[in-house]
Amino acid sequence: MSSLMPVRFTPFDLDAMAQAEGRVAILIPADGKMSPAARRANRLTKGGIARLVESERFSKVKSGDVISLAWPAGMEAEALDILVLPRRPDFDEARKAGANLAKLSAGKSVLVMAANHARIEELALGMVLRAYDFDVHKTKESDPLGEIVIGHSKPEEAEATFAPLYAVADGVRMTRDLTNEPANVLTTTEFADRLVEMESLGLKVEVLEEDKLAELGMRTLLSVGQGSVTPSKVVVMQWDGGEKDDAPLALVGKGVVFDTGGISLKPAGGMEDMTMDMGGAGVVAGTMRALAKRKAKANVVGLVGLVENMPSGNASRPGDVVKSMKGDTVEIINTDAEGRLVLCDVMWYAQDRFQPVGMIDLATLTGAVIIGLGHENAGVFSNNDTFCDAFLKSAKAEDEGAWRLPLGEGYDKQLKSRIADMKNVGGRPAGSITAAQFLQRFVKEETPWIHLDIAGVASVSSETSYAPKGATGWGVRALSRFVQDNFE
């Protein structure tokens with residue numbers, strides 16, 4: 001697994017600037033007013049900061065910009081980073097500024113002279129999120145990972161404030177690692193083993209094997225994996241941080257460790273990206289890790305269905321009819337619409353066993369959601385306005401794009417089958433919506449439910465504000481905030 005960049009808070013010491021190695025960062029607002037750290041840096045560089053602030057270049061800066069002076073005179077550091085940031089930035093401003101700093105540091109040590117600047121903990125979170133690098137399969141030895149050192153006026157208080165944010169960052173790291181892993185490494189067994197390891201954090205982890213899944217009647221889930229030599233599994237993770245008798249929030253994730261499309265084979269071009277088709281399960285795993293590490297005072301259960309969708313002589317065929325755990329029959333029109341077959345059984349099991357206060361499922365479910373929303377927003381579907389609005393508020397607070405799309409009887413009719421209770425696809429029109437309508441058939445009337453289609457945001461081909469290209473870890477921050485704001 002990748003390493004999370006360590007963060008250390010130390011007493012603010014102006015004398016440390018001259019001898020610090022790696023990079024040193026000072027914070028200056030756009031109006032150019034210099035803090036004590038900026039004034040000390042100005043003296044060390046023989047007026048270099050003052051000349052920069054008075055230059056035409058500085059007159060065009062905006063919040064979050066970083067101007068670097070390489071090998072500054074009077075300092076041991078290889079670079080002095082001047083970060084443009086107001087004295088009281090908002091959360092997004094501080095985090096994105098931190099991410100910009102981390103992008104420049106490329107994993108090297110950074111001393112941030114923060115003093116009593118507001119939102120420094122958020123700035124540190126942005127740095128940790130952006131400092132991620134998945135290089136575990138490269139044979140060339142990487143440079144040792146540096147550390148982020150924050151010079152702070154009240155280091156103990158700042159460190160205590162930062163601790164739960166660092167826990168969430170670790171959950172994001174886990175989600176990214178899982179989503180980036182190649183399928184020959186992250187088999188269903190390896191995935192389950194990594195989740196079992198989280199018992200050391202206080203989670204209760206249970207792995208349901210194929211014989212148990214068959215006994216429970218999870219036939220739609222098993223139908224997806226029957227063409228693979230890799231065994232299908234369901235992993236249940238429980239975090240009991242709330243009141244003993246409180247019903248838990250249920251998080252359910254699609255964990256297709258590789259998706260060929262099955263007999264409805266995908267085109268060869270781009271199929272290598274289907275290592276990320278377990279992204280929903282990755283988000284559930286990362287969220288459960290974050291909740292456990294920050295000791296969330298809530299009851300949450302995470303369930304993931306782990307399968308591999310392969311073509312073989314034993315694979316499901318288009319036209320097959322399979323009975324779900326609920327008891328409804330499904331005509332499989334397209335074996336590449338497999339995620340909903342995994343989710344529907346796990347969702348039904350989650351409701352039967354745990355009677356959750358609400359349920360959220362996450363899946364890289366449809367390419368159609370990318371056509372509709374691009375890579376900026378996950379598609380959001382829900383049967384409960386209050387439950388949905390609360391999640392959207394949390395997602396907005398964490399700057400994780402999410403956009404609600406409709407459900408309705410007209411879309412549901414597209415799933416009508418001639419020979420079974422339903423088809424697993426509703427045709428090309430409104431493909432993301434009909435997928436959500438399929439899932440809604442497995443939601444009990446009394447269960448508040450949200451479906452998150454994260455196909456466009458789980459892994460991207462270009463960098464984002466907080467991540468290099470590849471897996472983003474989208475959803476961990478939003479879900480942790482949702483639990484914090486609504487269940488703790």
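How many bridges join strand 9 to strand 10, and in which sense do the two strands run? I began my notes here, keeping in mind that the model is predicted. I found that strand 9 (residues 249–259) and strand 10 run parallel and are joined by nine bridges. To fix one point along this pairing, I looked up Leu249 and saw that its bridge partner in strand 10 is Val300.

**Entry on strand 10**

I then turned to strand 8 (residues 233–240), which pairs with strand 10 over eight bridges, here in the antiparallel sense. In this pairing I noted that Val234 stands opposite Gly305 of strand 10.

I next asked myself whether the residues of strand 10 are buried or exposed. Strand 10 covers residues 299–309, and 11 of its 11 residues are buried, so the strand is largely enclosed by the rest of the structure. The cut-off I relied on for this step is that buried means under 20% relative accessible area. I also followed the directions of the side chains, remembering that in a regular strand they alternate between the two faces of the sheet. Asn299, Val301, Leu303, Gly305, Val307 and Asn309 point one way from strand 10, while Val300, Gly302, Val304, Leu306 and Glu308 point the other way, and all of them are buried.

**Entry on another sheet**

I looked up an open sheet of three strands, and wrote down its order as 11-12-16, with mixed pairing. Strand 11 (321–323) and strand 16 (422–423) are the edge strands, because each of them pairs on one side only. Strand 11 runs antiparallel to strand 12 (residues 329–331), and three bridges join the two. Within that pairing, I noted that Val322 has Val330 of strand 12 as its bridge partner.

**Entry on salt bridges**

How many salt bridges does the structure hold? I read off 34 salt bridges, and I looked up a few of them in turn.

The side chains of Asp277 and Lys254 meet in a salt bridge, with 3.0 Å from N to O. Asp277 lies in the loop between strand 9 and helix 10 (279–293), whereas Lys254 lies in strand 9, so this pair ties together parts that are 23 residues apart in sequence. I checked the surroundings of the two residues as well, and both Asp277 and Lys254 are buried.

Lys212 and Glu215 also meet through their side chains in a salt bridge, at 3.5 Å from N to O. They are three residues apart in helix 8 (residues 210–216), which means that about one helical turn separates them. Lys212 counts as partly exposed at 33% relative accessibility, while Glu215 is exposed, with a relative accessible area of 61%.

For the salt bridge between Lys62 and Asp65, I noted that the closest N and O atoms are 3.7 Å apart. Lys62 counts as exposed at 57% relative accessibility, and Asp65 is partly exposed, with a relative accessible area of 23%.

I also recorded a network of salt bridges that links Arg95, Glu122, Glu398, Glu400, Arg477 and Arg481.

**Entry on surface charge**

Which residues gather in a patch of positive charge on the surface? I listed Lys33, Arg39, Arg43, Arg87, Arg88 and Arg119. Of these I followed up Arg39, which lies in helix 2 (residues 36–44) and counts as partly exposed, at 40% relative accessibility.

Technical notes. Residues are numbered from 1 along each chain as its sequence is written. This is a predicted model: local features need pLDDT of at least 70, side-chain atom pairs count only at pLDDT 80 or more; totals for chains, interfaces and linings use all residues. Side-chain values use heavy atoms; hydrogens and water are left out. Patches are made of residues with over 30% relative accessible area and no salt bridge: like charges are joined within 9 Å, nonpolar side chains (Val, Leu, Ile, Met, Phe, Trp, Tyr) within 5 Å. Accessible areas come from the Shrake-Rupley method with a 1.4 Å probe; for residues, only the protein chains shown count as cover. A salt bridge is a side-chain nitrogen of Lys or Arg within 4 Å of a carboxyl oxygen of Asp or Glu. Lys and Arg count as positive and Asp and Glu as negative; His and the chain ends are not counted. The place of a charge is taken as NZ of Lys, CZ of Arg, CG of Asp or CD of Glu. Helices (H or I, at least four residues) and strands (E, at least two) are DSSP runs, numbered from the N terminus. Buried means under 20% relative accessible area, exposed over 50%, partly exposed in between (1.4 Å probe, protein chains only).
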